[in-house]
Every structure is written in structure tokens, then in C-alpha cells.
Amino acid sequence: MPKPTKHKLQYKRAVARANTTGVMLLLITLFQYALPALYLWILRLCGNDTSADFWGLPAATYLSLYLLMYLLTAGIPLWLCRAFLYPKAPRTDTPPKLSADRRLCLTLFGVALCVLANIFSSFFSDLLYNIGLPTPSMPSMGDGSFLILLYDLAVLAIVPAVMEELLFRGIVLNTIRPVGDISAVVISALLFGLLHGNFAQAPYACLMGLILGGIYTHSASIGIVIAVHALSNTVAVLTSYLRLYTDSATASLWGLVILIVVLMSGGVASLWLWRHPLTREKPAQHCRRALLNAPFLWIAFAVLILILIIRTC
């Protein structure tokens, strides 16, 4: 019996990785929606009004419980995927060595792109709101005090950045990379957007997934994409605080200052990156057609799209 060729082995590996990605996403989806429902049901049993601001709790207690719920819904599937589903195949390429200057410039450039993506997607969200589609309920942000602001930054900016990047770029994108870097970035970004479960957030999450996925495949550094994600979230939290707890003139002024600083820093960083291109190895041969034989991946897509439609209607 003839041995399978190298191309056939690569194809089978790509199919297996794509199917594994689908199983991961189904697992993540299960915890994303089942655990919060159980969590809120327990709070209601304890006599809390979960429809009220801060679930009827003090701001610090609310943020602590919200953080616990997030750690469970993201941390459990992260551990399960890493322990039981993540392929253990060794790397076939050598990660590039990045200087401190390049790491800084990639971070600043990525934050600027994410802020622009947020501005662009906000127009789309406003359009959806104007035609009557519901907007998602966002977690309330403290009581305006400085200490609660710091806690908010930890809960809403830093922790989500760490957990989501470890899960989506560190595991999901890496798992599906045998189908090709471009395909892996696009698929992981679409899945990342759909997992947010509403039309208002999905466009920004997809754009952010494309940006972070591109930076990750370019740099092979999970630390850089975590920093970009965390800083982008920080900008969003700070601008939201300004709108909530200052007058409109002050909020507009400081919001404009933050935007100018971020975009100017990103512009300078992009010029440095353009002047100092990174030498890369020739990419390995990939098997995009393996996606056609990955039913679990398409099932995951179908489930997430169905959830998105149900939650919108």
C-alpha cells in the first residue's frame, strides 16, 4: 500500500485543524450563553433585581460579580480548549525576533487602527439603532469615582483583552492556520465578531479581529496583540467615562485630545514600520480547500449566525 504524499498529509492535517476549530467554537458558545443564564438565575433566586442598575448591588460588588462571570465564561473554555483540543504539533516556522522599537510601533499602530475601526463601526451601529434594531445592554460603569474607574479598566479593558487574545489568537487562529494565514485571520475574525451575539458589536469585533489577527501572524507575539486590545479597550472606557461623568463640552474636548494623540502616535509608528520592513520566511504551502471538508466549522458558523438572528429579533 503506497504511503500518503506530503501534500495529502498536509491536507488531512488542515481538515482536522478546521474541524477542531469548529468544536472549540461550539464549546465556547455553550459557555458564553449557558453560564451567564445560570449565574443570573442564581442572583434572582437570592432576591436581586438583575434588570436594575448594577443588578441592585453596590458598584464595586457588581463589578466583582461581573468579573467572576466573565472569568468563568471565558476561562473555562480557554482551559478546556488548551488542555483537550489544542493540537500539540510543533511549529514549522521560526518566530521573528522583534526589537523593542518594533514592538512599540506595532502596538501604537494597532491601537490607532482599532480606534479608527471603532469610529467606523459606531456609524453602522447608529444606523441599526435608527432603523429599530435593539442595541446590546452594556455593563454599567461604576459610580464615577477614581478607584471605581481603575477597577472598571481592569474588568472591562485588561481582563477581556488577555482572555480573548489567548483564546482567539493564541488558540483558535493558531489551530486553523494550516488552511493559510489570510484564511485563518479572516475566519477567526468572523467567529470573534459573531460570538458577540449582536449586530451592533459584531462589525467592530470583526474589524478588530482582522487587525489583531494580522498583527499576530506578522509578529507571532501574543503579548503585542494583548497590549493592542487592552489599550484600545482603555481608550473606549475612558471616553465613555468622559461622556457619563463630565459635561458635553469637556467630554468632546478630551475625547478629541485622546483621538489626536492616538492617531498621531499610530501615524508615526506606521512610518517607522514602513521604513524598517521585517524580513520574513517564505510562507509554507497551505490547504484552503480543506475548509470545504470541515463540517464542524460550518456548524459553528451556522449556530452563531442563528443566535445572532434570534437575539436581534
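Contact here means heavy atoms within 4.5 Å. The exercises below concern a predicted model.

**Exercise 1. Determine which residues join helix 6 to helix 7, and how the two helices are oriented.**

Solution.
Step 1. Locate the elements: helix 6 covers residues 202-219, and helix 7 covers residues 222-245.
Step 2. List the contacts. From helix 6, the residues Tyr204, Met208, Leu212, Ile215, Tyr216 and Ser219 take part; they meet Ile222, Ile224, Val225, Val228, His229, Ser232 and Asn233 of helix 7.
Step 3. Classify these residues. The contact of helix 6 with helix 7 has 9 nonpolar and 4 polar residues, and no charged ones.
Step 4. Take the geometry. The axes of helix 6 and helix 7 are 8 Å apart, and the packing angle is about 150°. Because of this angle, helix 6 is roughly antiparallel to helix 7, the cut-off being over 145 degrees.
Step 5. Assign the handedness: helix 6 passes helix 7 in a right-handed crossing.

**Exercise 2. Describe the packing of helix 3 against helix 6.**

Solution.
Step 1. Helix 3 spans residues 100-130. Its axis lies 8 Å from that of helix 6, at an angle of about 165°.
Step 2. Helix 3 and helix 6 are therefore roughly antiparallel to each other, and their crossing is right-handed.
Step 3. On the side of helix 3, the contact consists of Arg102, Leu106, Gly110, Leu113, Cys114, Ala117, Asn118, Phe120, Ser121 and Phe124. Helix 6 contributes Pro203, Tyr204, Leu207, Met208, Ile211, Ile215, His218 and Ser219.
Step 4. The composition of the contact of helix 3 with helix 6 is 12 nonpolar, 5 polar and 1 charged.

**Exercise 3. Decide whether Asn19, Ser188 and Leu116 are buried, partly exposed or exposed, and state their surroundings.**

Solution.
Step 1. Recall the cut-offs: buried is under 20% relative accessible area, exposed is over 50%, and partly exposed is in between.
Step 2. Asn19 belongs to helix 1, residues 6-45. Its relative accessibility is 15%, so Asn19 counts as buried. Leaving aside residues up to four places away in sequence, Asn19 touches Asn293, Ala294, Pro295, Phe296 and Leu297.
Step 3. Ser188 is placed in helix 5, residues 181-194. With 0% relative accessibility, Ser188 is buried. Again not counting residues up to four places away in sequence, Ser188 touches Phe168, Val172 and Leu173. The C-alpha atoms of Ser188 and Leu106 are 20 Å apart, with the two positions 82 residues apart in sequence numbering.
Step 4. Leu116 lies in helix 3. Its relative accessible area of 42% makes Leu116 partly exposed. The C-alpha atom of Leu116 is separated by 16 Å from that of Gly213, 97 residues apart along the chain.

**Exercise 4. Characterise the overall fold and dimensions of the protein chain.**

Solution.
Step 1. The protein chain has 9 helices and 0 strands, so the order of elements from the N terminus reads α-α-α-α-α-α-α-α-α.Step 2. The C-alpha atoms fill a box of roughly 75 × 50 × 35 Å along the principal axes.
Step 3. Compare the radius of gyration with expectation. For 313 residues, a compact globule would have a value near 20 Å; the protein chain has 21 Å, which agrees.
Step 4. Consider burial: 45% of the 313 residues count as buried.
Step 5. Consider contact range. Among contacts in the protein chain with a separation of 6 or more, 83% come from residues 24 or more positions apart.

Key
Residues are numbered from 1 along each chain as its sequence is written. This is a predicted model: local features need pLDDT of at least 70, side-chain atom pairs count only at pLDDT 80 or more; totals for chains, interfaces and linings use all residues. Side-chain values use heavy atoms; hydrogens and water are left out. Axes are lines fitted to C-alpha atoms, for helices over the stretch in contact, and angles run from 0 to 180 degrees between N-to-C directions. Helices (H or I, at least four residues) and strands (E, at least two) are DSSP runs, numbered from the N terminus. Angles under 35 degrees count as roughly parallel, over 145 as roughly antiparallel, 65 to 115 as roughly perpendicular and the rest as oblique. A crossing is left-handed if the near helix is turned anticlockwise from the far one by less than a right angle, and right-handed if clockwise. Ala, Val, Leu, Ile, Met, Phe, Trp, Tyr, Cys and Pro count as nonpolar, Asp, Glu, Lys and Arg as charged, and the others, Gly among them, as polar. Buried means under 20% relative accessible area, exposed over 50%, partly exposed in between (1.4 Å probe, protein chains only). The radius of gyration is taken over C-alpha atoms; the globule rule is 2.2 Å times the number of residues to the power 0.38.
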